[in-house]
Amino acid sequence: MGRESSVGDLVWRCAALAGIFFLGFIAGWFGRPASEPAAAEYQDRLESLLQDIHTHNIRYYLREFTRLPHLAGTEQNLRLAERIRDEWAGFGLEGVELVPYDVLLSYPNQNRPNYISILQHGVQIFNTSLSEPVPEGYENVSDIVPPYNAFSPQGQPEGELVYVNYGRTEDFLLLEREGINCSGKIAIARYGKIFRGNKVKNAMLWGAVGIVLYSDPADYAASGVEVYPQGWNLPGGGAQRGNVLNLNGAGDPLTPGYPAKEYTYRFDPEKGVGLPKIPVHPIGYNDAVHLLKNMGGPAPPSGWTGALNVSYRIGPGFTQDTHNQTVRMNVFSTNRVTRIYNVIGRIRGAQEPDRYVILGGHRDAWVFGGIDPISGAATVHETARSAGALLKTGWRPRRTMVFASWDAEEFGLLGSTEWAEENAKILQERAVAYINADSAIEGMYTLRVDCTPSLHTLVYDITKKISSPEEGEEGVSLYDSWHKRDNWTDERDAPRISKLGSGSDFEAYFIRLGIAAGRARYTKNKKTEKYSNYPLYHSVYETFELVGVSYDPSFRRLQAVARVRAGLLFRLADSRLLPLDCQEYAAALRKYATSIHALAHTHPNITQHNVTFDPLFSAVENFTNAARDFHQRLQDLDTSNELVLRMVNDQLMYLERAFVDPLGLPGRPFYRHVIFAPSSHNKYAGESFPGVYDALFGIERSDDPHAAWSEVRRQISIATYTVQSAAMTLTPP
């Protein structure tokens with residue numbers, strides 16, 4: 001009996017000790033101190049990453065990557081992808097790979113060039129140029145694609161010309177009110193104000209059989225600046241390339257919503273999503289003069305004249321002396337499925353490898369891509385090098401960093417969208433943020449940032465740690481330089497931050513998947529520099545010299561932008577508590593709700609249709625209270641408790657997802673963000689509460705006002721539900 005008791009007592013004691021050990025292990029695991037470095041060491045590593053980004057490296061990469069054209073789908077672009085892959089691996093990035101997709105691309109016919117002609121009695125009396133004059137120093141470079149609009153269908157429509165200003169919806173409505181019929185005519189529109197694909201869509205809606213696009217000096221010339229190469233204005237023979245799709249986030253036109261892999265079902269090429277139905281072709285302003293100088297019809301309305309020495313009469317057709325002349329478009333471009341390649345590299349996270357922060361920008365260019373995109377690609381390359389150097393010191397980020405060099409952005413954001421589609425399930429569960437790294441410079445004045453509201457505070461914090469690149473501002477932070485030049489005076493005493501629209505690779509991540517996103521670049525003074533974008537956009541003159549001689553000879557502006565992007569990447573990947581600010585989102589929602597309410601009340605009949613925004617304002621107030629309470633709880637958060645920290649970080653990470661409607665916007669199922677989406681009338685511009693905005697925009701031309709106002713009420717209800725649901729995600733579990 002004594003022996004049995006002794007054995008039993010021993011067993012009991014062992015079990016008790018094992019239980020105590022297990023409980024201690026659990027307590028120690030979930031309550032263990034952070035293995036990350038102390039705050040001072042953390043700041044030192046951030047500083048090390050930023051200071052290791054050098055101007056001479058960015059200059060070298062820009063020079064190397066712009067030596068040859070590298071259009072998507074070409075051998076030269078594949079060679080560049082392979083070089084980036086190999087160098088990223090050499091920098092220390094892990095698992096670097098080429099990821100292929102087979103997408104629909106569009107190219108000019110080498111044997112039948114595109115051009116516009118003026119005919120008299122069926123005889124061509126004028127033809128537009130077949131190519132741009134090649135810049136000095138590049139005469140021996142082959143494979144320079146001539147100006148064209150990708151995805152234009154083939155065709156040779158002939159008819160009278162109608163000048164439609166910028167080809168905006170309001171421009172065509174004005175023509176309609178003036179009794180000018182565009183049906184069966186060829187439209188000519190100047191580039192600028194809106195995305196070129198929206199111009200083509202509008203021309204189709206108003207019955208045009210073709211559209212010619214040109215760059216007017218009023219929109220593509222800075223005052224007091226010479227044309228390239230003496231300056232950075234567009235020469236008369238220069239023309240803007242670009243795609244004219246209306247994809248609305250679909251990705252590859254033949255595989256909308258799904259990755260364009262070998263196994264994927266494809267639509268017939270002529271039935272692809274977003275393909276235009278009328279021929280489109282771009283020309284330079286020297287050629288545009290010949291088309292516009294003899295235009296007949298009424299004088300142009302206010303705001304319709306450019307800077308050419310022509311009358312800008314609207315037409316249709318030419319003056320009495322040349323009334324027997326017509327215009328013919330000759331477009332022979334072809335579409336074909338072509339393989340493209342993304343480059344993907346990673347630095348695996350130490351504590352949370354299943355959380356991803358993505359830095360991505362495209363590589364493909366229409367020709368050399370001096371600004372678009374290689375000014376951005378060079379900064380990504382230098383950031384990858386600097387992060388790899390830090391990795392070799394023994395550092396590893398808390399979360400996984402993903403570096404991406406996208407292909408075929410110029411053809412409709414194809415590379416980035418296909419990768420997002422292929423990895424959508426993983427990204428929806430694991431992606432913390434996406435930092436876009438397209439062109440790093442478009443002007444020489446100050447910083448420009450577009451991002452989701454939850455990134456505002458982080459952007460301000462990062463820019464306070466970076467020096468201004470401007471001469472005479474030694475010792476001044478980028479934040480203070482930016483604040484001085486672009487103060488958000490009507491909103492707050494801080495630098496201006498804009499909404500995200502579209503037109504670059506963040507689209508699928510932010511607007512479809514609901515991943516927090518932002519972009520930064522150097523820009524012009526929008527108050528005094530009224531030209532559109534930058535004058536040499538998408539022309540053969542986007543060379544290394546354009547950046548190295550004109551835009552940033554010291555390369556300090558590109559360095560500053562690289563440091564902003566790298567700082568965002570580091571902080572999002574390596575902070576214990578995610579630096580996302582839900583209170584900034586609350587402030588933005590209040591502003592946007594007030595703005596859409598004011599817009600709605602510009603319609604005189606709104607009170608007759610039982611439209612109220614009260615539920616939306618109530619939901620915004622609930623979100624504001626939830627965000628305030630959440631922020632207050634963060635002040636008392638035990639950040640040493642990994643389980644609690646993970647739970648709070650997940651609430652912050654998934655907040656952006658809460659604004660996504662799986663049904664998408666009406667007629668645009670891949671635009672799913674209820675708070676932000678591109679305007680239906682200008683892809684480049686971001687709209688807040690886009691469903692409500694589009695419903696209001698359609699009232700004026702609706703044949704059924706009752707149904708139109710009913711759609712407004714429906715969209716307000718969707719917005720209300722979405723904001724209220726997002727507020728609930730911030731409450732304690």
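This is a short tour of a few places to select in the structure above.

Before you click anything, bear in mind that this is a predicted model, where local features need pLDDT of at least 70, side-chain atom pairs count only at pLDDT 80 or more, and totals for chains, interfaces and linings use all residues. Residues are numbered from 1 along each chain as its sequence is written, and side-chain values use heavy atoms, with hydrogens and water left out.

**Stop 1: an open sheet**

Select β6, β7, β8 and β10; helices (H or I, at least four residues) and strands (E, at least two) are DSSP runs, numbered from the N terminus. These four strands form an open sheet in the order β6-β7-β8-β10, with parallel pairing; two strands pair if DSSP finds at least two bridges between them. Because β6 (161–163) and β10 (280–283) stand at the edges with a single partner strand each, one side of each has no neighbour in the sheet. From one strand to the next, the twist averages 25 degrees (axes are lines fitted to C-alpha atoms, for helices over the stretch in contact, and angles run from 0 to 180 degrees between N-to-C directions).

Now zoom in on β6 and β7 (residues 186–190): they run parallel and are joined by three bridges. Pick Val162 and you'll find its bridge partner, Ala187, in β7.

**Stop 2: helix α8**

Move on to α8, residues 285–292, where Tyr285, Asp287, Ala288, Leu291 and Leu292 are buried (buried is under 20% relative accessible area, exposed over 50%, partly exposed in between, with a 1.4 Å probe and protein chains only). These residues sit on the same side of α8 because they cover an arc of only 145 degrees around the axis, the arc being that of the directions from the helix axis to the C-beta atoms.

**Stop 3: an antiparallel pair**

Next, select β16 (residues 446–451), a mostly covered strand with five of its six residues buried. Add β17 (residues 516–523), which runs antiparallel to β16 and is joined to it by six bridges. Tyr522 in β17 is the bridge partner of Leu447.

**Stop 4: the second largest pocket**

Centre the view on Ser680, His681, Asp694, Phe697 and Gly698, which lie nearest the centre of the second largest pocket, among its 38 lining residues. On a 1 Å grid over the protein atoms alone, a cavity is a set of points where a 1.4 Å probe fits but cannot get out, while a pocket is an open set with protein on both sides within 12 Å along at least five of seven lines; lining residues have an atom within 4 Å of a point. This pocket holds about 900 Å³ of space, a volume being the space filled by probe spheres set on the points, with grid points joined across faces, edges and corners. Colour α20 here: it gives the largest share of the lining, seven residues.

**Stop 5: the largest cavity**

Finally, try Phe65, Trp88, His362 and His381, which are among the residues lining the largest cavity. Its volume is about 60 Å³. Helix α9 gives the most to this lining, with three residues. By class there are six nonpolar, four polar and no charged residues (Ala, Val, Leu, Ile, Met, Phe, Trp, Tyr, Cys and Pro count as nonpolar, Asp, Glu, Lys and Arg as charged, and the others, Gly among them, as polar).
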